[in-house]
Amino acid sequence: MANYTHFSYLLHLADNVLILGQRNAEWTGHGPALEQDIALTNISLDLVGQARNLYAHAAALYNEMDSGAKALVDHLLPRPWKAFGRELQEDDLAFLRDERQYLNLLITELPKGDWAFTILRQCFFSAYQKELYNQLLQCNDYQLAGIAEKSLKEVAYHLRWSSEWVIRLGDGTDESNRRINNAMQELWPFTGELFTKTGLETDAAQAGIVVHLQGIKDQWLQTVNAVFEQAGLTVPQTTPFQQGGKEGKHTEHMGYLLAEMQFLQRAYPNAAW
Amino acid sequence: MNFLSHDIKAVDAAQIWPILEEVKDPEVPVLSIIDLGIVRDVVLENTEVGQTIRIVITPTYSGCPAMETISMDIRLKLIERGFRNVHITQQLSPAWTTDWMSERGKEKLKAFGIAPPHYKPQVCNMDLFSDETIQCPRCNSYRTELISQFGSTACKALYRCNDCSEAFDYFKCH
């Protein structure tokens, strides 16, 4: 492909799944029951695996750019890597960028909260990821389409598992219902960003990766409503307003997450297992 | 396999496949990587450094940690047989499906106590809340229930048999 304008969009896609995978992994050893602990750990594994494929693809794309194209994305590259004197690799992108260089949705970086919060976020995100990746199957970047195809099978499990939990909590006890409603109040303001067009989508479209955000939103609402109906929940009527992640403007929680996630690669650059 | 135009090469590649049969899935050691259906192609190329073997594999799940081990095991097994120039590449599309698992592999799974993926998948779709009826690998009863959609590895779910009371792994239809 001669066009590299979707480099930032690839980072956005990768950052979403890496950061959510990192958040979910905080439950490892702390799940409410062994099976659910394992379930969430498996979901994290899938998400981090997807991130790895996306970062590897982005790194390969960068390495084949000419100097003109490289200069245009220089602000997105990890500073420590520039001293390594070698080609860009997936781990550099995952672990060595600064906070403002991450382009993930804010909803993915929020602290894990209680079980209801983690479940509802996963359900919202998986329902979104399913529609988005379905559109990516049609894109001009065949490697990205391949990653989407691979990931979609996993996303189907994530959506099914989290939806069943949303129903169990919504339709469960007074306490579980109170908690899932609280989670909804907290999460809802962050759902708008999923469907808000930014420069990322414009740049991606230039490279032949066209996502139709309104279409994704309509399908997403349909899925969420179907789950909520069984859970006895209703979608809030308030307008979601929180945004900024796609432009590198993050919540106060992001820095702490990165500090933990990046510690090893920062302290021991190029460390390998 | 496909794309082999030259007769002599075809013979050579045919010698590689049985060697790959000896490489096992580290997480389900009764299955070879051929049984699993993750080897997509074996291509022999004549290069300046001699004959090079290119092996194309596809991951079962994006984050499957076994893929690293499998690549290493392939390399070691081929070195053992004197093949030094081995290139292993991963291919994501078309995405791996349990349809590619061999029938023999499914029988081995069952004998090992893991319910194999359905021969004819019932609900390998994206719909919410569709359930599969899974047969108990021990007593063959269909009176089973799901304990957890996620099991000991990414590719398995956990079930319980209501007749013989055994809990068992199900290799998920994917």
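**Exercise 1. Compare the radius of gyration of chain A with that of a compact globule of 273 residues.**

Solution. Chain A has a radius of gyration of 18 Å, and a compact globule with 273 residues would be near 19 Å, so the two agree. The radius is taken over C-alpha atoms, and the globule rule is 2.2 Å times the number of residues to the power 0.38.

This is a predicted model: local features need pLDDT of at least 70, side-chain atom pairs count only at pLDDT 80 or more, and totals for chains, interfaces and linings use all residues. Residues are numbered from 1 along each chain as its sequence is written, chains are lettered from A and ligands numbered from 1 in the order written, and side-chain values use heavy atoms, without hydrogens and water.

**Exercise 2. Find what Arg97(A) pairs with, and where the partners lie.**

Solution. Start with the pair. Arg97(A) makes a salt bridge (side-chain nitrogen of Lys or Arg within 4 Å of a carboxyl oxygen of Asp or Glu) to Asp15(A), with the closest N and O atoms 2.5 Å apart. Next, place the partners. Arg97(A) sits in the loop between helices H4 and H5 of chain A and Asp15(A) in helix H1, so the bridge ties together parts 82 residues apart in sequence. Helices here are DSSP runs (H or I, at least four residues), numbered from the N terminus. Last, check burial. Arg97(A) is buried at 0% relative accessible area; buried means under 20% (1.4 Å probe, protein chains only). Asp15(A) is also buried, at 0%.

**Exercise 3. State which residues share a salt-bridge network with Asp114(A).**

Solution. The network links Asp114(A) with Glu175(A), Arg178(A) and Arg179(A).

Methods
Helices (H or I, at least four residues) and strands (E, at least two) are DSSP runs, numbered from the N terminus. Buried means under 20% relative accessible area, exposed over 50%, partly exposed in between (1.4 Å probe, protein chains only).
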